[in-house]
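User: Could you take a close look at one pocket in this model for me, and at how its surroundings are held together? Keep it casual, please.

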Amino acid sequence: MTFTRFASFAALALCGLAPFAGQARGYTPQGMCGDYARLDITSPTGTCVALLADEAQGLRAPRRILEVAPGRYWVVDMGSWEPRHGRLLEMTLPTDGPAPRRARFTVLAEQLDRPLGLVIGPDGKAYIGESSAIWRTPIPALGGALQREPLIDGLPGNGTHPLKELAFAPDGHLFVNVGSDSDNCRDTSKRFPLPCPDLAGPKPRAAVYEAVLATPGFKLQSFKPFATGLRNSVALTVLPDGPAKGTVLQGENSIDYEEVGQPPEELNRLQAGRDYGWPYCVGNRQPARGYENRYDCKTTEAPLMLWPAHVAPLQMMVGPTGSRFAGQVLVAWRGHQPPGHRVVGYKLNAQGLPSGKPIDWLSGWDPKPGVRPMGKPTGIAVDRQGRLLVVEDLNRTILMLLPSPKK
């Protein structure tokens, strides 16, 4: 199914989204964490943060990581904000050799267009979201070639939010982020149109779409908006079990006010056909700047939870059963302002929904000259051994949370 093509990629430059910086942004190891270099990043007692790979292994802007088979990890490396610089990599961890060890990589696909989403579908295939298309491939044997199968094309790949996050529901439906074209819908005349053009027509932006895949073969049956008024849903997940099984959760990257404390980010429980307020409303249904007294925010859905302003949720997942993260929703907060740049968890309550205060998994990630840069977590995964993996785009690293060595 195809979207109408939107304007050119040049809009990214107007919105300040330049390619990733070219200079190194490395860490100074602080001893050993297992067989790897240890980084000075705060983690729970009895654990340490290991450096698996950085730009020395060729990483450019890693955004997602996923264990696709035992001991085999796929990494989405966006490359830059320029089109066709992305790659899909396979990472393996060495089991011998001198310490500190480093991960090893092979390139599976190149010239991808600003890829982000990476999930395993109910058919056992890997689904990859590029800026304007979604495709899938069976997972080949180690060293084998991909078999690219197109699924959806013609998605809008221009503007401030071109990245496509993917999340499967227990019933096999696929949810897709189609982010807004701009930060707050202000046009070139610096006016705030009402209605916002992004929300117009049968194929709006600033929305999460639902793809129905029919069996056998998981062919695309329908692809249509599920929920709207969502600025950028790169933090998107579906609860796989429990009393809230099938609930779609979205972490909203809210409008970019310059103030440290405004507006809050949101955790939304998405429901079919509902409006969540962008660009007219922020936070708990409060009017956004430029739309005061012009829109009734009470007609929109209230957030499930408010998060601190500018934490920038860039991925969200449910902790796997049997791991230390079970019963939690994990979130990568990339934001540069406090309390961003950390990885947190929220416990699921009796209703099966995230609640309470955040649990810090990786924190204390402020810049420390000669030791570490500011943390820039963009992606998270938990592997079959229950280990948390974290990727950073700007710092070009892949990290792993491990038990601390015994003294």
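Analyst: Strand 4 gives the second largest pocket the largest share of its lining, five residues. Keep in mind that this is a predicted model. The pocket holds about 990 Å³ of space. Its lining runs to 37 residues, and those closest to the centre are Leu66, Thr237, Met317, Val318 and Pro320. Besides strand 4 (62-69), the elements that put in two or more residues are strand 8 (118-120), strand 12 (166-168), strand 16 (235-238), strand 22 (313-318) and strand 26 (377-382). As for chemistry, the lining splits into 25 nonpolar residues, six polar and six charged.

Now stay with strand 4, where Arg63 sits. Which residue does Arg63 form a salt bridge with? That would be Asp393, with the closest N and O atoms 3.0 Å apart. Asp393 is in the loop between strand 27 (388-392) and strand 28 (397-403), so this pair ties together parts that are 330 residues apart in sequence. Are the two partners buried or exposed? Asp393 has 0% relative accessibility, so it counts as buried. Arg63 comes out at 6%, and since buried means under 20%, Arg63 is buried too.

That pair belongs to a count of 23 salt bridges. Another one joins Asp77 and Arg87, at 3.2 Å from N to O. Here the link is between strand 5 (residues 72-77) and strand 6 (residues 86-92), so the parts tied together are ten residues apart in sequence. Asp77 is buried at 0% relative accessible area, and Arg87 counts as buried at 8%.

For a pair with some exposure, look at Glu259 and Arg289, whose closest N and O atoms are 2.8 Å apart. Both are loop residues: Glu259 lies between strand 17 (248-252) and strand 18 (265-270), and Arg289 between strand 20 (286-287) and strand 21 (305-307), so the bridge ties parts that are 30 residues apart in sequence. Glu259 is partly exposed at 37% relative accessibility, and Arg289 is partly exposed at 39%. Salt bridges with shared partners also join Asp40, Lys368 and Arg372 into one network.

One last bit of empty space: the structure has one cavity of 30 Å³ or more. About 50 Å³ lies in this largest cavity. Its lining is made up of Arg231, Glu252, Ser254, Ile255, Glu266, Tyr276, Trp278, Cys281 and Val282. By class, that gives five nonpolar, one polar and three charged residues.

Definitions and conventions: Residues are numbered from 1 along each chain as its sequence is written. This is a predicted model: local features need pLDDT of at least 70, side-chain atom pairs count only at pLDDT 80 or more; totals for chains, interfaces and linings use all residues. Side-chain values use heavy atoms; hydrogens and water are left out. On a 1 Å grid over the protein atoms alone, a cavity is a set of points where a 1.4 Å probe fits but cannot get out, and a pocket is an open set with protein on both sides within 12 Å along at least five of seven lines; lining residues have an atom within 4 Å of a point. Grid points are joined across faces, edges and corners, and a volume is the space filled by probe spheres set on the points. Helices (H or I, at least four residues) and strands (E, at least two) are DSSP runs, numbered from the N terminus. Ala, Val, Leu, Ile, Met, Phe, Trp, Tyr, Cys and Pro count as nonpolar, Asp, Glu, Lys and Arg as charged, and the others, Gly among them, as polar. A salt bridge is a side-chain nitrogen of Lys or Arg within 4 Å of a carboxyl oxygen of Asp or Glu. Buried means under 20% relative accessible area, exposed over 50%, partly exposed in between (1.4 Å probe, protein chains only).
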